[in-house]
Amino acid sequence: IIHTPDTDGRYFTIAVTNLYAEVEHIGRRTTGTEDAYFALVGPSWRGQLPDGVKRISVESEQGWLLGRMLVEGSDDFEDAMALVDAIWSAPLSEFKVDKRPSMPPEVTGDLMEPLSTLEFFKLLNSKLQNLPVRIGEEALMAQFDQIGLGRNANFNEASLSPAARRGLEHALADGEAIVQAATQRTIPNYNGWMISKQIGRYGFSYMHRASVARGGYGNLPEESLYPAMVFDANGDLLDGDQSYELHFPAGQMPPVEGFWSLSAYRLSDLQLEANDIERFSIGDRTQGLSYNPDGSITLTLQHAAPTDEALNWLPVPAGKFMLVMRLYEPSAAALGDDYLLPKLRKSDSLP
């Protein structure tokens, strides 16, 4: 059972991700912001939930949670964290309304590197034995059985023939390379922004699911979109040595019910880079932005601090970098193609 506090309209979400990497959301968009209780219910559970507890069905017995709480700025941090701290969970057997349980003992585990050895196949086999078979995958699961990995098989590394061992070792290396290539594939491009609108529900699109899962996580598009850019209009990688501008005409800000922001990450490791003004994103919650007389707004993206302090400056890494927009609770126009983010322009190419 998960308890969420009354956030008084403040955006928050808890993504419930099953072992198929598919997502259900608790939060403002789906369940509102009033004080509430939710039960995560696996496929084999049978029973009666307490009154006032909403059922969230999860397709696998295991999964993981990732929560987000909107913070308006440094002055808002303590209030936001108080709401985060008011989120708690308890097993149904220990659950009592309005009674937060004591913290469980800290649990530690051994580091796993499942893709580096044939132990991966043992892990895969154990998960397939417990996951419900999806409609339309019966034949696929029968093929897994034939090679000793399905729900009706027991993988035994010691019984492998030398040829089978070599084959599976090659499969590990080849599979990782294939998935890595899938993460770098071309996806739909809108004014230079790459946007995937099929995250969180994969069906039979196994490669798409694998490429997202390799990165760890993905929200449903209705919850958030992540337009990304790595090339400028000339096809060159974005570089901190250049200066860029992103201009939003009046009335053409990203259409969202939640919020939007723009961040820049080093392309080498996809990490943020420290900067003197400690600004790591810019968006509709950024204080002190300057609007043009006609109501439009222009964002300046460069590594060096601009001489004009009135510019809406987002510091970017010194070398090659990647831009990521975040649109939380995007409108129907953003989910479709009725709204397109503006093109990024090099400052020296502007009139």
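Q: Given that contact means heavy atoms within 4.5 Å, with which residues is threonine 4 in contact, leaving aside its neighbours within four places in sequence?
A: This is a predicted model, in which local features need pLDDT of at least 70 and side-chain atom pairs count only at pLDDT 80 or more, while totals for chains, interfaces and linings use all residues. Residues are numbered from 1 along each chain as its sequence is written, and side-chain values use heavy atoms, with hydrogens and water left out. On that footing, threonine 4 is in contact with Phe12, Ile14, Ile26, Glu34, Asp35, Ala36, Phe38 and Ile87.

Q: Why is threonine 4 called buried?
A: Buried means under 20% relative accessible area (exposed is over 50%, partly exposed in between, with a 1.4 Å probe and protein chains only). Threonine 4 has a relative accessibility of 1%, and therefore counts as buried. Across the protein, buried residues make up 38% of the 351 residues.

Q: What makes residues 2–4, where threonine 4 is found, a strand?
A: Strands are DSSP runs of E with at least two residues, helices are runs of H or I with at least four, and both are numbered from the N terminus. Residues 2–4 form strand β1, which holds threonine 4, and the protein has seven helices and 18 strands.

Q: How do you know that β2 and β3 pair?
A: Two strands pair if DSSP finds at least two bridges between them; strand β2 (residues 12–18) and β3 have five, in the antiparallel sense, so they qualify as paired. One of the residues involved is threonine 13, whose bridge partner in β3 is glycine 27. The open sheet to which these strands belong has the order β3-β2-β6, with antiparallel pairing, and its edge strands, β3 (23–27) and β6 (63–69), each pair on one side only.

Q: What makes β16 and β18 edge strands?
A: Four strands form an open sheet in the order β16-β15-β12-β18, with mixed pairing. Both β16 (312–315) and β18 (344–346) have a single partner strand, so one side of each is left without a neighbour in the sheet. Within this sheet, β12 and β15 run antiparallel and are joined by five bridges, and histidine 247 has threonine 298 of β15 as its bridge partner.

Q: What is meant by a nonpolar core, and how many residues has the largest?
A: A nonpolar core is a set of buried Ala, Val, Leu, Ile, Met, Phe, Trp, Tyr and Cys residues joined through side-chain atoms within 4.5 Å. The largest has 28 residues, and those with the most contacts inside it are Trp193, Phe248, Leu262, Leu299, Leu301 and Leu323. At least two residues of this core come from each of β12 (244–248), β13 (256–266), β15 (297–302) and β17 (321–330). Not counting residues up to four places away in sequence, phenylalanine 248 touches Met253, Pro254, Trp260, Ser296, Ile297, Leu299, Met325, Tyr339, Leu341 and Pro342. A second, separate core of nine residues includes Tyr37, Ala39, Val53 and Trp88.

Q: What makes an empty space a cavity, and which residues lie nearest the centre of the largest?
A: A cavity is a set of points on a 1 Å grid over the protein atoms alone where a 1.4 Å probe fits but cannot get out, and its lining residues have an atom within 4 Å of a point. A search of the whole structure finds two cavities of 30 Å³ or more, and about 100 Å³ of space lies in the largest. The largest cavity is lined by 13 residues, with Ile195, Ala334, Tyr339, Leu340 and Leu341 nearest its centre.

Note on methods
Contact means heavy atoms within 4.5 Å. On a 1 Å grid over the protein atoms alone, a cavity is a set of points where a 1.4 Å probe fits but cannot get out, and a pocket is an open set with protein on both sides within 12 Å along at least five of seven lines; lining residues have an atom within 4 Å of a point. Grid points are joined across faces, edges and corners, and a volume is the space filled by probe spheres set on the points.
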